[in-house]
Structures are given as C-alpha cells and as structure tokens.
Amino acid sequence: MKRELALHTDKYQINMMYAHWVNGSHKRKAVFEAYFRKLPFGNGYAVFAGLERIVGYIGGLRFTEDDIRYLSEQEENYAPAFLEELLQFHFQGNVYSMKEGALIFPDEPLIRVEGTIMEAQLVETAILNFMNYQTLIATKASRIKQVAPNDILLEFGTRRAQEADAAVWGARAAYIGGFDATSNMLAGKMFGIPTKGTHAHSWVQSFSSEQEAFDAYAKVMPDEVTLLVDTFDTLRSGVPNAIRTAKKLEDQGKKMIGIRLDSGDLAYLSRQARNMLDEAGLDYVKIVASNDLDENTIMDLKLQGAAIDTWGVGTQLITASDQPSLGGVYKLVEIESATGEMVPTIKISSNPEKVSTPGSKDVFRIIGKNGKALADYICFPEEEAPRNGGRVKLFNPLHPYMHKYVERYEALPMLEPIYVNGFQVYTLPDLNEVRRYHREQKDLFWPEYLRKLNPEVYRVNLSEKVWTSKQQLIAEHIQPEIE
C-alpha cells in the first residue's frame, strides 16, 4: 500500500501554515535554503544524497481525506475552510538542488525552495529528514571507500538499521558513496543495486559437521560459494574444511569464490588463511571480512597487513554510529514585502556559526586551470561573475584581508532546477550515473581535501555583495551595548 507523506511533518509547520492562513499572509512568497553547518565525522567533505526521495515526495504531496479528518481532531481546532484548502493543496513552487553524489561543504545552499510561505514551510521537515540521513550515510560510505579504494565493499546493515526505510534508503546512499553491493533484497529490487550474501552460522550449526554443511551449500550453489569459516575454529577446522570443499568444486570444473571471517583477530586470521589457501593452490579464493567494521578499523587492519579482499560493513555504516545525525537546517532567506518585492532576511544568534546568510543564492564550483577545484563561490542570482567568466575575489569571510583574485577558471553551477512552478523539470539519473558523478566530483579535488586524517579545509566563499549584505543586516538588527 502506498504511504501518503503529507503528514510526514512537524506539527508546528501545520500551526504556522494555519496562522499565516488566518493572518492572510499564507500566499506571501518566500525563499528557504537547506544547508549544514559542520562536516560529519571530522571529514573534509560530505556527499549529497536524498534528492530522489525528495522529488518523489514533492511530486506526490497531497492531503487525503483521512489526513484532513485527523487534523480536524487536533486540539488547535483548525477552521474547516483551512482544512478544505489543504485538501486542494499541491506544490506549485520552485526547487533547486545539488545533484546526488556531489561533494558538499558547510554553509552552502544544498536545496533552495521558492514558493508561498505556506507550501515552503510544509516541505521543510521531510526535506531535512531525507537529506540529512541519506547524506550522512553516503558520506560515511565514501569515507570507507577512501581507505579501501581497490577493495569490494558490501553493505550488510539491514538488521541493525533504524527500521525498514533506513535500511533500504541507507543501502542506496551507501551505493552512491562507493559501495558495490547490498545484502538488502528490497533495495536491490527498488534501485537496481547488486545484491550479495553468503550464509549464517546457523547453516553450519544445522548439520552434523562443518564439512557436511560446506559441501551441502556448495552442491546447491556451486557457482556462488563463499563459506563462513569461524563457527567453531577458524584455522583448525573452518579454513581446512573450506579448502576440501574448494577441491571438490575444482573436480567439477568449478571455483569457490571466497571464505568469510566474522570474528577474532581479522588481521592475523586473514594472513594465516591466505597462506593456507595459497599453499593449497587456491590463490583465486578471496577473503571476505565482517564484524563491526568501519573506516577506522579497516584502515587499521590494512596497516597490520590484513589479507582481506572484500569488506562487509553493517552497523557502523547504516547507523553512522560515530555521528548519527548531520544537523542540516532550513532557513528563511528571502520574503515578499508589503510592496511585492523580495527582500533578504537574516537569523541572528549569539552563536556566530548560527547566523544565517540572507538572500536567495547560487553556488558555483570554481575550477582552476589545472582542472582542480579552488573553492566554492556563493553569489546572488543577478551577479554576472562568475557566470560570464569575469574576475572573482575569493576571501576568508572571517578574515577578509586574506584574499586572492581568480581570472582563468571554469565555474560549475551546482544548483539544478528540479521543480519549476510545481512541474518537475529534472530527469532523475540512473543510480549508476549518480555513482559515476560522485567519482567525477572526487576527481576534481586534490587528495589533501579527501584524506581521512587531518584533511585540508576546502574554502566556501561569499561574493562581496553577499558578504556586504550580511554585514548590513547584522548591523541593522544588533544594537551595540553601552555600559
């Protein structure tokens, strides 16, 4: 049964929509921007994901009669005429967004929503929900890919994910970030992601001997044999029994694919298993490892000389356990005035990092003559540079005296029109195209921006006009203290 998502929102969104409706301001035009303030995992970059689900959500955004009935029962006692208007609701605004797979950075607009204050307010919660989670998982997956660039990566997290949606959409996000397959069959069916799986310890336990279990499994699927070898004793029984099964397969003209290690000292066990396999003439048999892996343990195992070809990563990836939230926000940056013109608006905070940047903005990735990214550049839509190739000034917003001018460059527009006047104008790419785009994005950056440890800070620059506008609005809203 299709699940309607109009009520996948916070109650205060409905309350604000109602208050605007009562106030007669619900048709005012507004611009909101979604972004995050701090990179997750101490990383040098994040990976944008979640757009496909956002597109589907906005395209199907309708209130059902059941939704309206539920709203009519709320303690706020919404006026029947307001509820009737919700019943006729559909999104008629504009949405601009980064493409999935893009490398993204703090404080730059990732999604821009333009519409009436009522419709732009409604979509906030769902947009942040989809963007925050999937971006987090895609970033975690990309980090793991950075430390194991030439290995096979398998997403094994379904049983530890926070419910079914997280498992399925998390598997998709992991695939965007560089993983090669998932264990989740529904994700494979929905998105065309390759699926992989071996067998559990219970398979071995259900037979009278480990050897019998291995042979029976190989008989059923002779072309897809990867055996879990740590049910009893990895080196004394598991690997020797797997070798005997592999030899029987060779007699049939078949080749065993691999063995899987799921416990113990993976560095030591993998090296010993590799030696045993090679001595048996089974150098083609791969070693798969699982057991609470993430980019930190994988990097450590590689430093210890682990002989592992394929990594099955589950809990630590699908839950992003070391940082289980991204912290993306959605802020009003422009509002229609009483005279009908759009004016910038700002949120002031005692925490400087929480002060928003006013005005509707575009983002460009500035590519130098060497083909590598120099900085991201945020400017107003009406600014000519960098659209016309004119000279741009890159400066540190915290220390404006630190600046340089760039004249020979390519400016890549990062925000794509997705919806225009309520109509979808963006064709969602195939998932493999998204993966390819992510790899192309990484190729634009020097390795020091991508490395896991102590990455170089990639600069996100405001145009002088944007920076000046921000300073002016700050000055207007903050009164100097007098002692």
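The protein chain folds into 17 helices and 21 strands. The model is predicted. Its C-alpha trace spans about 85 × 60 × 50 Å along the principal axes. Of the 483 residues, 53% count as buried. Contacts reach across the sequence: among those between residues at least 6 apart, 72% join residues at least 24 apart.

Start with the strands. One open sheet has 4 strands, in the order β18-β14-β15-β21. Its pairing is mixed. The edges belong to β18 (410–413) and β21. Each of these two has a single partner strand, so one side of each is left without a neighbour in the sheet. From one strand to the next, the twist averages 30°.

Look at how β21 is held in that sheet. Strand β15, residues 373–379, pairs with β21 in the parallel sense. The pairing runs over 3 bridges. One contact to find on screen is Asp376, whose bridge partner in β21 is Val460. Keep Val460 in view, for the pockets bring it back.

Next, turn to β5, residues 111–116. This strand is mostly covered: 6 of its 6 residues are buried. Two pairings of β5 can be traced. With β1, β5 runs antiparallel, joined by 6 bridges. There, Ala34 stands opposite Ile111 in β5. With β3, residues 94–97, β5 also pairs in the antiparallel sense, over 4 bridges. Here the bridge partner of Asn94 is Glu114 in β5. In a regular strand the side chains alternate between the two faces of the sheet.

Now the empty space. Rolling a probe the size of a water molecule over the atoms shows where such space is left. The largest pocket holds about 910 Å³. Its lining counts 34 residues. Nearest its centre lie Asp107, Pro397, Leu398, Val460 and Lys470. So Val460, the bridge partner of Asp376, returns as a central lining residue. Which elements supply at least two residues each to this lining? They are β1 (29–35), β16 (392–396), β21 (460–462) and α17 (464–477). The largest share comes from α17, with 4 residues. Two strands met earlier are on that list: β1, which is joined to β5 by 6 bridges, and β21, an edge strand of the open sheet. By class, the lining of the largest pocket has 19 nonpolar, 7 polar and 8 charged residues.

The second largest pocket has a volume of about 580 Å³. It is lined by 21 residues. Phe156, Arg159, Arg260, Asp262 and Ser290 lie nearest its centre. How do the residues of this lining divide by class? There are 5 nonpolar, 11 polar and 5 charged residues.

Last, a single residue in a helix. Pro240 lies in α11, which covers residues 234–251. Is Pro240 buried or exposed? Its relative accessibility is 17%. The cut-off for buried is under 20%, so Pro240 counts as buried. Leaving aside residues up to four places away in sequence, Pro240 touches Thr234, Leu235 and Met276. Ala280 is 40 residues from Pro240 along the chain. The C-alpha atoms of Pro240 and Ala280 are separated by 9.6 Å.

Terms used: Residues numbered from 1 in each chain as written. Predicted model: local features only at pLDDT ≥ 70, side-chain atom pairs only at ≥ 80, totals over all residues. Heavy atoms only, no water. 1 Å grid on protein atoms, 1.4 Å probe; cavity = no way out; pocket = protein on both sides within 12 Å on 5 of 7 lines; lining within 4 Å. Points joined across faces, edges and corners; volume = space filled by probe spheres on them. Nonpolar A, V, L, I, M, F, W, Y, C, P; charged D, E, K, R; others polar. Pairing = 2+ DSSP bridges. Axes fitted to C-alpha atoms, helices over the stretch in contact; angles between N-to-C directions. Buried < 20%, exposed > 50% of the residue type's maximum accessible area, 1.4 Å probe, protein only. Contact = heavy atoms within 4.5 Å.
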